[in-house]
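Hello,

Here is the structure you will be taking over. My notes on it follow below.

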Amino acid sequence: MEKRLSSACALGVAALLLAGCGEEAPKQSAAPMEQKKEMVESAPVVENKSATEKAKEAMTEASSSVKQAAETVAEKVSEKAADAKESMTEATASMVEKTADKVTEMAAAVETAVAPDKAAEKTYKSLCFSCHDNGIAGAPKLGDQAVWAPRIAAGMDTLYATAINGKGAMPPKGGNVSLSDEAVKAAVDYMVAQAQ
Ligand code: HEC
């Protein structure tokens, strides 16, 4: 009788345990499952959303600061460009001026070297003629052999010296001191040639 009772008891306990296991266990495991389901369905999405939003915000922030930086750089660059342009304009202008001067000088030199007669005639006709064409202020007239003969007799070096340094009413280099000695001498040669 005692054995049966304990057996029954054991059975009862087992039944209880089984019942417990059968009823309680599924409940316990069902709850986390549901929770997990919820978490899977909602929580990660929320988290994903906020992460996306955060990323978007960060990107917007980043892009606006990049934009700002770019604007600042652009401003600085255009400022510097304006400065550079200004100083370049000045430098270029003075360079162009200097180059133009050099070109004019070279052109005159080339003319004197390549076509000395033409250059001399040009010098005479642009400057010396104003006195020498009509003998103004006692200037020996162009082509007047009688006036030129005694002067030519003094020698070319004397004529050159007078033409370059001036004498009386004859101004140095005919008044244009930027003329080279060679150009003045060539003009003298031209004038002397007209008197022979
Ligand atoms: C402002 C007027 C004037 C101009 C311009 C002028 N001359 Fe004369 N030139 C004179 C006069 C005046 C004399 C006479 C000077 C004297 O013998 O007292 C003279 C004399 C000369 C003589 C003779 C010098 C001598 O020793 O006998 C030469 C050569 C001469 N000129 C060359 C030139 C040439 C070259 C030019 C142009 C580059 C020129 N002149 C421009 C006024 C001028």
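**What was found**

Helix 3 contributes six residues to the shell around the ligand, the most of any element. Please keep in mind that this is a predicted model.

The ligand has 28 residues around it, and those that come nearest are C128, C131, T162, M170 and G174. Two or more residues of the shell come from each of helix 3 (116–132), helix 5 (156–165) and helix 6 (181–194). Sorted by class, the shell around the ligand holds 16 nonpolar residues, nine polar and three charged.

As for the fold, the protein chain has six helices and zero strands, so the order of elements from the N terminus reads α-α-α-α-α-α. The chain has 196 residues, of which 10% count as buried. Taking the contacts between residues at least 6 apart in sequence, 62% join residues at least 24 apart.

Two residues other than glycine have a positive phi, and their surroundings are worth setting side by side.

- A137 has a phi near 60°. A137 sits in the loop between helix 3 and helix 4 (145–153). Is A137 buried or exposed? A137 is exposed, because 9 other C-beta atoms lie within 10 Å, and the cut-off for exposed is 12 or fewer.
- K173 has a phi near 55°. The loop between helix 5 and helix 6 is where K173 is found. K173 counts as buried because it has 21 C-beta neighbours inside 10 Å, where 20 or more are needed.

Regards

Note on methods: Residues numbered from 1 in each chain as written. Predicted model: local features only at pLDDT ≥ 70, side-chain atom pairs only at ≥ 80, totals over all residues. Near = placed C-beta within 6 Å. Helix = DSSP H or I, 4+ residues; strand = E, 2+ residues; numbered from the N terminus. Nonpolar A, V, L, I, M, F, W, Y, C, P; charged D, E, K, R; others polar. Contact = placed C-beta atoms within 7 Å.
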